[in-house]
Amino acid sequence: MTANGSDTRHDWTVEEIVAIHESPLLELIGRANAAHRRHHDPNRVQKASLLSIKTGGCPENCAYCPQSAHHREVDLTRDRLMDPQKVVAMAATARAAGAERFCMGAAWRQVRDGDEFDAVIEMVKGVRALGMEACVTLGMLEPHQAERLAKAGLTAYNHNLDTSPEFYGRIVSTRIYQDRLETLAAVRATGIELCSGGIIGMGETVRDRAAMLHVLANFDPHPESVPINALVPVDGTPLAGRGRVDPLELVRMVATARLVMPRSTVRLSAGRSDLDREAQILCLVAGANSVFYGDTLLTTPNADIGDDAELFAALDRPERTGHPTTAAE
Ligand code: SAM
Ligand code: DTB
Ligand code: SF4
């Protein structure tokens, strides 16, 4: 807590964040849950739906990403920008399935003015007209492009820092960390919410994880939305051989993000398909309050819809899950 009693700080040090991350697990989860309950409804988990509106062929060389044109061995079908009407129809279907937020991703290095950007603007307007939150992730943006997205009613712009400034060069060499920060600044200047987080499991250290959270937590205000992804290792990418992360590492990362950015929406993002129901619930107890819902993330499989139905039923009322309770009948 600060002197004025607030637990929202912008002056964290990396050492403090490492110490939080490395604290005894039960204490960490307990503290994170208390922070979560101070600022959020503990029973509310927002469902967001994700759609790849333009797939593959990206000129950037992000080592984790199946959509990079540099990773020729990846088995992925490239796809041109989708038709806005089709995108909005898919958003309506996602809304009917319970999604409140619709996130659209394009495998672009940066936005270019012209027909394709005009089409994205149409998508944003269409999604907003459905009464849903709209988020897009389109790569780097210039201030005037951020302004156009704001005018179209965009709720949030996703642009992940992915890892620490120190480790970043090991993951991407076609752009620098400063490029990411400049896009985030351009977005923030328009009043669009920031959605920015990262990936664990790429070979980074705990200090790198803490250093990424440090950059995010020193934004004032904090990013409204912080996605925490576990690497989905994809064949043909340089990180294909990395094992899956231990679910408890994800719990620690979520809890640490919750403690250093207590008011933000922490999204349990890629990698959920490898977590059993109980590991996901631990992440929710540790402060995650949103998940991506639906068959696929951008190009890789997401958690199974049937499993998610069971997860949400279990969170709601135990007797609906079909698992008998131990209480006397
Ligand atoms: N091209 C844009 C950009 O990089 O900002 C937007 C799309 S990009 C696919 C969005 C985010 O997806 C990346 O920043 C990264 O965090 C995440 N991502 C991509 N591939 C992933 C993977 N294999 N495992 C986990 N997260 C991944
Ligand atoms: C984010 O942080 N994770 C989502 C969303 N923002 C765009 C993307 C995850 C992508 C996982 C790999 C894939 O499906 O291509
Ligand atoms: Fe391109 Fe984004 Fe994938 Fe990097 S993460 S290769 S910028 S689509």
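**Three ligands and a pair of cysteines**

Ligand 2 sits in the largest cavity. The model is a predicted one, and the description below starts with this ligand before turning to its companions. The shell around ligand 2 is made up of Leu50, Pro66, Thr137, Asn158, Asn160, Pro227, Asn229, Phe292, Leu297, Leu298, Thr299 and Thr300. By class, these residues divide into six nonpolar and six polar, with no charged residue in the shell.

Several of the polar residues can be followed down to individual atoms. Thr299 places a polar side-chain atom 2.6 Å from an oxygen atom of ligand 2. Its sequence neighbour in the list, Thr300, has a side-chain N or O atom 2.8 Å from an oxygen atom of the ligand. For Asn160, a polar side-chain atom likewise lies 2.8 Å from an oxygen atom of ligand 2. On its own, ligand 2 would expose 400 Å², and the protein buries 88% of that area.

Ligand 1 also sits in the largest cavity. It has 19 residues around it, and those that come nearest are Thr137, Asn160, Asp162, Arg180 and Val232. Readers will recognise Thr137 and Asn160 from the shell of ligand 2. The surroundings of ligand 1 comprise eleven nonpolar, six polar and two charged residues.

The polar contacts of ligand 1 involve both backbone and side-chain atoms. On the backbone side, an N or O atom of Tyr64 lies 3.1 Å from a nitrogen atom of ligand 1, and a backbone N or O atom of Ala106 is found 3.4 Å from a nitrogen atom of the ligand. The side chain of Arg180 contributes an N or O atom at 2.9 Å from an oxygen atom of ligand 1. Taken alone, ligand 1 exposes 560 Å², of which the protein buries 90%.

Ligand 3 is likewise placed in the largest cavity. Around ligand 3 are Cys58, Glu60, Cys62, Tyr64, Cys65, Ser68, Ala107 and Arg175. Tyr64, whose backbone makes the 3.1 Å approach to ligand 1, is therefore a member of this shell too, since one of its heavy atoms lies within 4 Å of ligand 3. The class count for ligand 3 is five nonpolar, one polar and two charged residues.

With cysteines listed around ligand 3, it is natural to look at disulfides as well. How many disulfides does the count come to? The total is zero. Cys103 and Cys135 offer a worked example. The closest cysteine sulfur to that of Cys103 belongs to Cys135, but the two are 4.6 Å apart, which is too far for a bond, because a disulfide calls for sulfur atoms within 2.5 Å. Seen from the other partner, Cys135 is in no disulfide, and its nearest cysteine sulfur is that of Cys103, 4.6 Å away.

Are these two cysteines buried or exposed? Cys103 has 6% relative accessibility and so counts as buried. Cys135, at 3% relative accessibility, counts as buried as well. The cut-off behind both assignments is a relative accessible area under 20%.

Terms used
Residues numbered from 1 in each chain as written. Chains lettered and ligands numbered in written order. Predicted model: local features only at pLDDT ≥ 70, side-chain atom pairs only at ≥ 80, totals over all residues. Heavy atoms only, no water. Polar contact = N/O pair within 3.5 Å; in protein donor to acceptor, adjacent residues only side chain to side chain. Areas by Shrake-Rupley, 256 points an atom, 1.4 Å probe, with all protein chains shown as cover. 1 Å grid on protein atoms, 1.4 Å probe; cavity = no way out; pocket = protein on both sides within 12 Å on 5 of 7 lines; lining within 4 Å. Sits in = over half its atoms within 2 Å of the grid points. Nonpolar A, V, L, I, M, F, W, Y, C, P; charged D, E, K, R; others polar. Buried < 20%, exposed > 50% of the residue type's maximum accessible area, 1.4 Å probe, protein only.
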